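The exercises below are to be worked with the sequence and the coordinates open. Each one sets a task and is followed by a solution in steps.

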Amino acid sequence: MIKFCTRCVISSMRPRIAFDADGVCSACRFAEAKAATDWTAREAELKRLCDWHRSNNGSFDVVVPVSGGKDGGFVAHQLRTVYGMTPLCVTWAPLLPTDIGRQNLDAFVAHGFDVIQGRPNGETTRALTKLAFEHMGDPFLPFIYGQTNFPLQMAVRYQIPLIMYGEDGEAEYGGAVKEPRAQRKIEDHDEQYFSGKPPSFWTEHGLDLRQLKPFQAPPYREIKANGTQIHFFGYYKPWDPQENFYHCAEHTGFSPNPERTEGTYSKYASLDDRLDGLHYYLAYIKFGIGRCTSDSAHEIRDGKITREEGVALVHKFDGEFPVKHYQDALDYMGLSHTEAARIIDSWRSPEVWDGFRLRARVE
Ligand SMILES: [Zn+2]
C-alpha cells in the first residue's frame with residue numbers, strides 16, 4: 001500500500017525513507033530539526049574545520065565537487081570568500097552536455113575558480129550507460145560513479161584531505177540517514193549512491209576492470225593514508241537550493257534555463273545533462289516519484305510553497321515524458337525507440353502501476 005506524507009508530497013516508495021505514526025516522512029522531520037538548529041554553533045565548527053585545513057600559501061586546501069550548477073558554486077564561493085579557503089573544484093563531465101550546462105561551467109571558471117574536469121573514455125562511458133539503463137533502469141549511473149569517485153581520486157592525487165559537498169541528500173531528501181551528520185563514510189557509497197552496484201559489478205557484463213578504473217574510487221588504503229574526510233556544507237550552514245540559485249546568479253555567473261525543465265516546474269536545477277530527463281522519468285516509472293514530486297517536496301519543506309500548491313504541481317507535471325532530448329539519448333545508447341520503450345516498461349513496479357495506470361497519486 002503506497003502512503004503519501006501528510007506534510008510534503010513524497011511517497012513511501014522512495015527507497016530508504018521512513019514514516020512516523022503521524023504519517024510524516026523522515027525528510028520532513030529532518031527539515032523540522034534543521035529549523036531548530038543552533039546555526040551559530042554549527043558555523044563555529046565550520047570555522048574550526050577551515051582553520052585546521054587552510055593552506056595560507058595558495059595551494060589547494062579543499063576539494064569541492066561542482067557541476068557548474070548553483071549548489072557546488074555556492075559552496076565554493078562561500079569557502080573562498082567567507083572562510084578564506086583555496087578550493088580545487090572538480091567536476092565530472094556530463095554524459096551528454098547541454099549548452100546551458102557548458103555555459104554555466106565556463107561562467108563559473110571565469111568568476112575566479114580553478115576546475116579540473118574528468119572526461120572518461122567515451123566508448124566505455126557509452127557502453128556503461130546502455131548497460132545501466134537496461135540492467136538498473138538508470139542511464140545516469142556512470143555519471144553518479146564519476147561524481148562520487150572522481151573527487152576522491154583528485155583528493156588523493158593532490159593530497160588534499162578535505163572534501164566539501166553541499167547537502168547531505170541521504171538526510172535532506174529522506175534516505176538511510178535520520179540524524180544530521182557532518183561527514184559521510186566512504187564505506188557507505190556502494191549502498192547509498194550506487195544501489196549496491198559499484199563500478200566493478202559491470203565486469204559481469206563484459207567490461208573489464210581496466211576500462212572501469214576511471215569510474216572507481218582509489219584504493220581504500222590510499223584514501224585512508226591521505227586522511228580523506230568528506231564533509232557536508234549543509235551541516236554547517238542552512239541549506240536552501242533556491243537561495244543558492246540567487247547567490248550564484250549574483251556571484252558566479254549562473255543562468256537558469258530560459259524554459260521550464262520537462263517533468264517539473266523549475267528552471268534552475270539539474271540542467272547539465274541531456275540524459276537528466278530520462279533519469280528522472282525512470283524514477284517515476286520505478287517509484288511513481290517523478291521530478292516534480294521531488295522538487296515540490298523540497299520546496300514545501302523549505303517553506304517556498306504550500307502542500308496544496310505542491311499537489312497541484314505534481315498533478316500537472318509529474319511523469320511528463322522528456323521528449324526534448326529523448327532522440328539524443330537513444331542515439332547515444334544506440335537503441336531504437338521500441339527497444340528503449342521495452343526497457344522502460346520492464347521497470348514498471350506492480351506496486352505503483354496497474355498496467356499503465358498509476359495505482360495511487362498524492363491528494
Ligand atoms: Zn514529508
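**Exercise 1. A strand and its partners**

Which residue in β2 is the bridge partner of Val64? Work outward from that pair to the strands on either side of β2.

Solution. The model is a predicted one.

Step 1. Val64 has Cys89 as its bridge partner in β2.

Step 2. Val64 falls within strand β1 (residues 62–65), which is joined to β2 by 4 bridges, and the two strands run parallel.

Step 3. Between β1 and β2 the chain passes through α3, and this β-α-β crossover is right-handed.

Step 4. Turn to strand β3 (residues 114–118): it pairs with β2 over 5 bridges, again in the parallel sense. Here Cys89 stands opposite Val115.

Step 5. The connection from β2 to β3 uses helix α4 (residues 99–110), and the resulting β-α-β unit is right-handed.

**Exercise 2. The two faces of β2**

Which residues of β2 point one way, and which the other way? State how many of them are buried.

Solution. Step 1. Pro87, Cys89 and Thr91 are on one face of β2, with Leu88, Val90 and Trp92 pointing the other way.

Step 2. Of the 6 residues in β2 (residues 87–92), 6 are buried.

Step 3. For a distance from this strand, take Pro87 and Glu43: they are 44 residues apart along the chain, and their C-alpha atoms are separated by 18 Å. Glu43 belongs to helix α2 (residues 39–53). Beyond four places in sequence, the contacts of Glu43 are Tyr83, Tyr236 and Lys237.

**Exercise 3. The zinc site**

Which atoms coordinate the zinc ion? Classify the geometry and describe the spacing of the donors.

Solution. Step 1. The donors are the SG atoms of Cys5, Cys8, Cys25 and Cys28, at 2.3 Å.

Step 2. The angles among the 4 donor atoms run from 104 to 114°, and the site is tetrahedral. The ideal angle for four tetrahedral donors is 109.5 degrees.

Step 3. Along the chain the donors are spaced as C-x2-C-x16-C-x2-C. Cys8 and Cys25 both lie in the segment before α1, so this pair ties together parts 17 residues apart in sequence.

Step 4. Both Cys8 and Cys25 are buried.

**Exercise 4. Positive phi values**

What is the phi of Arg16, and what is that of Gln159? Place each residue and give its exposure.

Solution. Step 1. Most residues other than glycine have a negative phi.

Step 2. Arg16 has a positive phi, near 70°. Arg16 sits in the segment before α1 and is partly exposed, at a relative accessible area of 37%.

Step 3. Gln159 also has a positive phi, near 55°. Gln159 is in the loop between α6 (141–157) and β4 (162–165). With a relative accessible area of 65%, Gln159 is exposed.

Step 4. A glycine can be added to the list: Gly253, just after α12, has a positive phi of about 75°.

**Exercise 5. A lysine and a helix**

Is Lys34 buried or exposed? List its contacts, then do the packing of α12.

Solution. Step 1. The relative accessibility of Lys34 is 14%; because the cut-off for buried is under 20%, Lys34 counts as buried.

Step 2. Lys34 is part of helix α1 (residues 26–35). With neighbours within four places left out, Lys34 is in contact with Trp39, Glu172, Trp239 and Asp302.

Step 3. In helix α12 (residues 241–251), the buried residues are Pro241, Gln242, Asn244, Phe245, His247 and Cys248. These buried residues pack against α3 (70–81) and α14 (291–301).

**Exercise 6. Two domains**

How many residues of domain 1 are in contact with domain 2? Add the domain bounds and a long-range pair.

Solution. Step 1. The domain assignment gives domain 1 as 39–236 and domain 2 as 261–358.

Step 2. Contacts join 24 residues of domain 1 to 26 residues of domain 2. The C-alpha centres of the two domains are 24 Å apart.

Step 3. Gly334 and Ala127 are 207 residues apart in sequence, with 9.4 Å from C-alpha to C-alpha.

Step 4. Gly334 is in the loop between α16 (326–333) and α17 (337–346) and is partly exposed, at 47% relative accessible area. Neighbours within four places aside, Gly334 is in contact with Lys130 and Glu339.

Definitions and conventions:
Residues numbered from 1 in each chain as written. Predicted model: local features only at pLDDT ≥ 70, side-chain atom pairs only at ≥ 80, totals over all residues. Heavy atoms only, no water. Buried < 20%, exposed > 50% of the residue type's maximum accessible area, 1.4 Å probe, protein only. Contact = heavy atoms within 4.5 Å. Donors = N, O, S within 2.8 Å, 3.2 Å for Na, K, Ca; no water. Tetrahedral: all angles 85-135°; square planar, octahedral: opposite > 155°, others 65-115°. Pairing = 2+ DSSP bridges. Right-handed = clockwise from strand over helix to strand, strands pointing away. Domains from an automatic or database assignment.
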